[in-house]
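Student: I would like to look closely at one part of this model and then see how the surroundings are described in the same terms. Please take the part slowly, and give the reasoning where there is any.

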Amino acid sequence: MARTTTSAQPAPTFERPEDAHLIEYGLDSAAVAERTAAGLTNRQPDTTSRTIWQIARAHLLTVFNLVLGSCAAVVIALGRWLDLLFVLAAVANVVIGFVQEYAAKKELDKISLLRRDPSVVLRNGERVEIPLEQIVVDDVVVLRRGDQVTADGVVLQADGLDADESLMTGENDAVVKNPGDRMLSGSSILSGNGLYRVTEAGSDSHASRITNEARLFSQINSELRAGLNKVVKWISIGIAPIMAIVLNGQMVARGGWDAALSSGAWRDALISSVASIAAMIPQGLALMTTISFALAALKLAREGVLMQEMAAVEVLARVDVVCFDKTGTLTEGGVHFGSAEYTPSAGLVASGEDDQTLPGAQLALGWFGHDPDANPTAAALRSAYPHEPGHLPQGVVPFSSARRWSAVEFGNGRAAGAWFLGAPEALLPSVLDAPELNPRCAELAAAGNRTLVLCHADALVRDEETGHPIAELPSSISSVGILLFNEKVREDARDTLAYFREQDVDLKIISGDNPHTVAAAALKAGLEFDGTAMDASKLPLDGPELEEAVNTHSVFGRVGPEQKQSMVKALQARGHVVAMTGDGINDALALKSADLGIAMGNAAPATKAVSRLVLLDGEFSRLPSVVAEGRKVIANIERLGYMFLTKTSYAIMFGIAFGLLFWSFPFIPRQSSTVDFIVLGGPAFVLALLPNKRRYIPGFLRRSLIAAIPNALVITLGILAISYVTRFVLHSTPSEIQTASFIVLGLMGLWVLNCASRPLNVIRFWLLVAMYALIVAVLAIPISQLYHQFTWPSQELMTASLVIGVVGCVILEILYRVLPKPLLD
């Protein structure tokens, strides 16, 4: 037997015994040993998503961290510990990012679709129980009710074998398995027994393939993070030559390289270079983005929404297509008894009477509902029919998916006789009044109901020799009624779908269930469509035909797990930002591929693990608040981006200008850190938390840069002007030059803050007042003067500083009014 393996080596070839031999004897010890030695066992892959070192390396070994780390090393080597404040934001970014991804790694590594229960196999003619990992290819596995299929294979023998494949396919109905049928790992046996031969085990099995793909690490598609990455890329390209210009300029400003090295002035040159270079790195914006995500995640956690990746809150605000699974997501999951329509056959009830006149039928339905072996549909009768006949039945025919009916017989009492409960197509051909019931059953099924019929006969058919009941219908059988079952749509589904529709979000229902059932649930939930669901089993797994279908239709049934994933990717290929909600393993691949995967609170562990967002209480009504929080984050980060990108731009311009002019940089690191806190860091914490309901509009980075670069040019010219005046007109000391530059930069930086805070409200107004007061305090308080190495300016120096600062603010105001601006509110 040839088998494809995951390694590069040729697949080993074995002679496979005939099926008849396997059914009787299974594999012998030699064949098992041979396959085990070849690695054809059911050992599950233990690979993980990313190693701890890979995560740490991704956050530590970046160009920005290299630059900031080098700057920090210079400051430490020179003993200037008070100038190290600029590295705090970078350290916080690394720590928060590592902790977040490590937590996600642990969740991904937990994913497993298979239980660790032992299996019974046939070997050397005997049934033996072995661990899951010791199963080999061509093993004959014994299947019994309640077993989980642990490897893929083909059925060899079946006796009423029904499998639940909903974990893998999403379809609720049991699947009848006959010899030759395929068995998927991850399925469960509902009834009957049988044997199957293993064809794919371990990493080649269906469950393992899904597990491995679900474990793969992928980062959420965040526009904010993508925008920051673009800035990082641009700065990374230019940072090396800019650093060379800055360092050379500072050394020349102190008499040249030889003079600076011999006199020790190189130390001040290095510190000035550090101040200039560190200011260029936008670590503050990255930190504020991370903090904004974290605070949003904490707030939503209190409302029952778990963010497994913090950027998820932003993505939902950008989503323009939401794909819903049906079972357990749009609906509550499980089958619910709806109502009964009784028929006047066999004299049991007159036309128009209800089930209160049918105590026998009530008692029989109570027995079917409380039967320990009841399937999910029959079990749904328990709440509606709480009473049973009160005595043991004389005979029982258990339910089988192959014949699709079950039966019970009572010898006396109000429920005397035989009662049959099953699918209309299985029972009605034997019922006299079937021509009248068939159209009604078809009508109810087309409306999305699951229909069963209850029938009655004098007795069950019995074996002539043993007297035991057999699975045959009597020659005389009468209908009693039609029972309607359905799935209950979540109470908040209608309002939530209406909310997304109002927000111009396209809605898609993609389910593995029957198309009629899916369409009915979608209509009950308030989805606006033509009322019909497309049968995805008639569509290809992927390709143009599937892409066209998912873009033109809204409701799909019989969608397989890989097909769900292909549908999500097809929507993304058309430029859509896609969210996918689900709760089953069959949803896992689609959830992982979507821009945002949303799991319900009762979802399978693997489904939760690959989702970015989990609704802990399963309430759809949580999603609008997530959208609102995401909008706040996006809008406020755009406001902060306008401010921080202005700062990054003028820092780069400062470095180039002072380097080319061979002027000493007008700040030391501690002064730069303080002015950054006053005009950026402190206000950013406040502005990031304020409400903002502006709807998402793509392109925040472009809008921010269009406004930031002209602002940065004005601020650079202002600092160059005060530097020229203090150096060549007033002949000020280095401390006075730094003090005057601090005043000018503080005034113009706060005017950028003023523009970014508009429209002003009470909080933003008093925030501005507080920052202006803080600048005065930094300049006036003696201990602050000592720490910052400031000198209180003379009247001439103060006048020059205020004039240049005010003129700069006027120009900034004109730019704000004339040029395109970011979307602030």
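Student: Which residues of helix α2 (residues 29–37) are buried?

Tutor: This is a predicted model, so what follows describes computed geometry. In helix α2, which spans residues 29–37, the buried residues are Ala-31, Val-32 and Arg-35. Because these residues cover an arc of only 100° around the axis, they sit on the same side of α2. The general background is that an α-helix has 3.6 residues a turn, so residues three or four places apart point the same way. On the other side of α2, Ala-30 and Ala-37 are exposed. As for what covers the buried side, the buried residues of α2 pack against β1, the strand of residues 119–123. Following α2 comes Gly-39, and the phi of Gly-39 is positive, near 80°.

The strand that receives this helix leads on to a second backbone detail. In the loop between β1 and β2, the latter covering residues 126–130, lies Asn-124. Asn-124 is not a glycine, and yet its phi is positive, at about 55°. As a general rule, most residues other than glycine have a negative phi, and most peptide bonds are trans. Asn-124 counts as partly exposed because its relative accessibility is 45%, which lies between the limits of 20% for buried and 50% for exposed.

Two further backbone details belong beside that one. Gln-789, again a residue other than glycine, has a positive phi near 60°, and it is found in the loop between α29 (782–788) and α30 (795–818). With a relative accessibility of 36%, Gln-789 therefore also counts as partly exposed. The peptide bond from Arg-758 to Pro-759 is cis, with omega near -5°, and Pro-759 is placed in the loop between α27 (734–756) and α28 (762–780).

For a view of strands, one can turn to an open sheet of six strands, whose order is β10-β15-β14-β13-β12-β11 and whose pairing is antiparallel. Its edges are formed by β10 (336–342) and β11 (395–400), each of which pairs on one side only. On average, neighbouring strands of this sheet are turned by 20° against each other, with direction ignored. In general terms, strands of a sheet pair through backbone hydrogen bonds, either parallel or antiparallel.

Within that sheet, strand β14 (residues 450–457) is mostly covered, since seven of its eight residues are buried. Strand β13, residues 417–422, runs antiparallel to β14 and is joined to it by five bridges; Phe-420 stands opposite Cys-455 of β14. Strand β15, residues 478–486, is also antiparallel to β14, and seven bridges join the two, with His-456 standing opposite Ser-478 in β15. Towards the edge strand β11, four bridges join β11 to the antiparallel strand β12, residues 405–410, and the bridge partner of Gly-395 in β12 is Glu-409. Helix α17, residues 434–446, lies across β10, β14 and β15, and runs at about 5° to β15.

Side-chain packing can be followed through the aromatic rings, of which a search of the whole structure finds 15 pairs. In the pair of Phe-658 and Trp-663 the ring centres are 6.1 Å apart and the planes stand at 65°, so the pair is edge-to-face, the cut-off for that class being over 60 degrees. Phe-658 and Trp-663 are both buried, and they belong to one aromatic cluster, which also includes Tyr-650, Phe-654, Phe-665, Phe-667, Tyr-724 and Phe-728.

To set these parts in the whole, the protein chain has 30 helices and 21 strands, and 55% of its 825 residues count as buried. Among contacts between residues at least 6 apart in sequence, 73% join residues at least 24 apart. The chain exposes about 34400 Å², and carbon and sulfur atoms supply 59% of that area. Returning to the part you asked about, α2 has Ala-31, Val-32 and Arg-35 as its buried residues, which pack against β1, while Ala-30 and Ala-37 are exposed on the other side.

How values were computed:
Residues numbered from 1 in each chain as written. Predicted model: local features only at pLDDT ≥ 70, side-chain atom pairs only at ≥ 80, totals over all residues. Heavy atoms only, no water. Buried < 20%, exposed > 50% of the residue type's maximum accessible area, 1.4 Å probe, protein only. Contact = heavy atoms within 4.5 Å. Areas by Shrake-Rupley, 256 points an atom, 1.4 Å probe, with all protein chains shown as cover. Pairing = 2+ DSSP bridges. Arc of directions from axis to C-beta. Axes fitted to C-alpha atoms, helices over the stretch in contact; angles between N-to-C directions. Phe/Tyr/Trp six-rings, centres within 6.5 Å; stacked < 30°, edge-to-face > 60°.
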